[in-house]
Amino acid sequence: MNLSHIEKNTKVRIKEIKSPAILKKRLQSLGISAGKEVEVSEISLQKNTLKISLGFSFIALRMNEAQTIEVEELS
Amino acid sequence: MKKIVIALVGQPNVGKSHLANALSGSNLKIGNFAGVTVEKAIASFSKDDTEIEIIDLPGLYSLEDFSADEKVTKDFLLKGEYDLILNVIDSTNLERNLNLSVELMELDKKMIIALNMDDEAHKEGIEIDATYMRKILSIPCIKVSSKTKYNIDALQESILHVNAHEPVAAKLFYSDIIETELEKITSFLDEKHFKAPNMSNRHIAIGLLWQRKPMYAMMHEQPLFIELQPILNNALGHVYMYAGSEDIEEVINKENAAFVSGLTTDVMSVKAQKSKNLTQAIDKLLIHKLLGIPIFVFLMWGLFQLTFTLGQAPMDWIEGAFQWLGEIVGATIENEAIKSLIVDGIIVGVGSVLMFLPNIMILFLGISLLETTGYMSRVAFLLDGFFHKFGLHGKSFIPLVTGFGCSVPAYMAARTLKNKKDRLLTMFIIGFMSCGARLPVFVLFAGAFFDEDMAGNVLFIIYISGALLGLIAGKILSVTAFKGEDEPFVMEMPKYRFPSPRLIWFSVYSKSIMYLKKAGTFILMASMLIWFISSYPKNSFIEESYAPQIEAALDEEKGALENEMREKMMENTYLGIIGKTIEPIFTPLGFDWKMSVATISGLAAKEVIVSTLGVLYSLGDEVSEDDASLKEIISKSISFPSAIAFIIFVMIYLPCIAATAVFAKEAENYKYTIYLVVFTFATAWIFAFIAYQTLSLFY
């Protein structure tokens, strides 16, 4: 399951990031890395972009990028 | 007096500029980095006989080269001359900010960490133990608040203290296996009594293990490298095996992240979270699926309404003041030629540009509010899907909005885009975002041809249709000239914050001063030039040939004949001759030669368009001078279809020479500059042609 499939207001844990190295590094400097818990807090009208919240910040991602982030739902 | 240069570094939105402002007691200046045209803000203050200069570097998330603007900061940190790094951290977002700090520590410079926004962290129930943090990292960590000025003194003292003492290497701890390997390399160097200036052996060991090229270059020259090599090989082997990866960058990232995460847990405790909810609540509305975009459009509409309505009264005062000045000054000058130069050339030319200062200030205020409150990234979020369809990127929004102010910083702002293709495409579109300097033309024409209560809407429509045309152009360019891979869209959405009124004022003020300076120098010269070439040669034979006719004419025909004579005289001046030569190009658009000349002179700077029109129409105007404002003269002498065609042409054609030069520099290839010139002129001409021909059917 990847982040692009997650419904609004759902909390998930990141399992693995399969993005190309440079994007992976960027995600990490924004605080997105394996093991982190994130919540999908907004999805734009045509499902183009999504807003996730993690810890103390919010990040906007395009669906293409979200597809490279493997997650698991928190029970 | 001693001088200390401080590099102010931090992730975006941590309040760096605000802190620089607080440290220096609002002594900010804008300069440029040597070699590159990126604005750099410098703040300076003196304390204990030492002058301290702070260089406010563009924010960056990490030291990798993700985008061109981050590279500016990185290059400065690696090659620039400075004494110490002041790393600003947002206390409410400690862990993520520390990721950068860890990378900065590796640079081995004197460093201080300022834990900014302490007041906000308090409110959010976040407690950071700065003393413990200092103990772990062995570099000063000081809690400050640029808003409440808390601990600003302590930070100033710490700067002096750190600068006066020997550098203390920052301490990073890695996982046991890495530490063991580092220890092996360090003890080897110690045994050999190896000592590099200003660098600990541990630092060398880390550099070697992390395969940093400069470190290798340095150590390679040492005779002991032969013995060192097998130890290194061995160490790397162990590290790879342990990390399960042969990519050293990945190992470093993991190690740094683990250190940062551990450090955060050690020094930070959280009681309750509040303000995040406020941001979430505002976002529920502002980036709402259905409401988000309408709200944005409404806000933009409001801004242009304000630009017109609020700006109207001061604009009238300024225009009135200049008319009065013209009369007063005119009355004191005997010599006709000098009087004309000063009144019709300088006062009218400069005055017609200065009177738009209130509008410009409102527009810049709006843009800087958009930039500083955190709303900008929301709009990027909302528009990314839409922009993406047109080949643009959500982040393109930022340079595009900056383009409403001025194209020059907008071309530079395009550096936030990583891909060359996205950058170039965005830069091509920036010209469609009508810059502040074109605003006078639109305000003038909207005021002249539409009712007062409609003028604000017209202004809004002009800007929106420019932007829409830009999007269409983007689509066309992205499927023809700029094909290629998409850039990922990953962007922080910072918390909503009340911007510091001081910083907002500073931004509006410095831009207004720039506008005034331009009016006082460049526009002044241009007005004088335009006046000269539109007044000479005098061709007194025309006057002579008309004199008997006017003498003989009936009273009611006199006025018409005099006008005819003035027109003839204007047409035979240097400018008239130039205008007549280029007129055929613009005739299909309904421009007379005066408008054609204004279009060309607008290439120097868009403000020159109104000053040219001002000079040209006031010199040869048909109505008596004292009862007519430029607006009235224009509404009488230009037809409606011509006016619309003129607006459209000005909306699209090439930004000024200065902006084009910056474009050429940023695009790094003259080929693109030629494309830009041809592309903008051709589009402008075609659209103006269509508009004029269509409207002529009805009017």
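Visitor: Which residue stands opposite A:Ile52 in β4(A)?

Guide: In this predicted model, the residue opposite A:Ile52 is A:Ile59 of β4(A). The strands β3(A) and β4(A) pair in the antiparallel sense, over six bridges.

Visitor: What happens in the hairpin between β3(A) and β4(A)?

Guide: Two residues lie between the strands of that hairpin, and A:Gly55 takes a positive phi near 50°.

Visitor: And on the other side, how do β2 and β3 of chain A pair?

Guide: Strand β2 (residues 37–43) of chain A pairs with strand β3 (residues 49–54) of chain A in the antiparallel sense, over four bridges. Within this pairing, A:Glu42 has A:Lys51 of β3(A) as its bridge partner. The hairpin of β2(A) and β3(A) has five residues between the strands, and here A:Lys47 takes a positive phi near 55°.

Visitor: How many residues of β3(A) are buried?

Guide: Six of the six residues are buried, so β3(A) is largely enclosed by the rest of the structure.

Visitor: Which of them point which way?

Guide: A:Thr49, A:Lys51 and A:Ser53 point one way from β3(A), while A:Leu50, A:Ile52 and A:Leu54 point the other way; all are buried. In general, side chains in a regular strand alternate between the two faces of the sheet.

Visitor: What is the strand order of the whole sheet?

Guide: The order is β5(A)-β1(A)-β2(A)-β3(A)-β4(A)-β10(B), an open sheet of six strands with antiparallel pairing. At the edges stand β5 (69–73) of chain A and β10 of chain B, each with a single partner strand, so one side of each is left without a neighbour in the sheet. From one strand to the next, the twist averages 40°.

Visitor: How many bridges join β4 of chain A to β10(B)?

Guide: Four bridges join β10(B) to strand β4 (residues 57–62) of chain A, and the two run antiparallel. One position to inspect is A:Phe58, which stands opposite B:Met493 in β10(B).

Visitor: Beyond the strands, how many residues of each chain are in contact?

Guide: On the chain B side there are 31 residues, in contact with 26 residues of chain A. The elements of chain B giving two or more residues to this side are α3 (94–105), α11 (248–267), α12 (275–286), α16 (375–389) and β10 (490–493). The largest share, six residues, comes from α16(B). By class, the side of chain B that touches chain A has 13 nonpolar, ten polar and eight charged residues.

Visitor: Back to chain A. What pattern does it follow along the sequence?

Guide: Chain A reads β-α-β-β-β-α-β. Its radius of gyration is 11 Å, close to the 11 Å that the globule rule gives for 75 residues, so chain A is as compact as a globular protein of that length. Buried residues make up 51% of its 75 residues.

Visitor: How is chain B divided?

Guide: Chain B is divided into domain 1 (2–164), domain 2 (176–270) and domain 3 (295–536 + 573–698). Between domain 1 and domain 3 of chain B, 15 residues of the former are in contact with 15 residues of the latter. On the domain 1 side, α1 (16–24), β2 (28–32) and α2 (68–79) of chain B each supply at least two residues. The largest share of that side, three residues, comes from α1(B).

Visitor: What classes do the residues on that side of domain 1 divide into?

Guide: The side of domain 1 of chain B that touches domain 3 of chain B has six nonpolar, seven polar and two charged residues.

Methods:
Residues numbered from 1 in each chain as written. Chains lettered and ligands numbered in written order. Predicted model: local features only at pLDDT ≥ 70, side-chain atom pairs only at ≥ 80, totals over all residues. Rg over C-alpha atoms; globule rule 2.2 N^0.38 Å. Buried ≥ 20, exposed ≤ 12 C-beta atoms within 10 Å, placed from the backbone. Domains from an automatic or database assignment. Contact = placed C-beta atoms within 7 Å. Nonpolar A, V, L, I, M, F, W, Y, C, P; charged D, E, K, R; others polar. Pairing = 2+ DSSP bridges. Axes fitted to C-alpha atoms, helices over the stretch in contact; angles between N-to-C directions.
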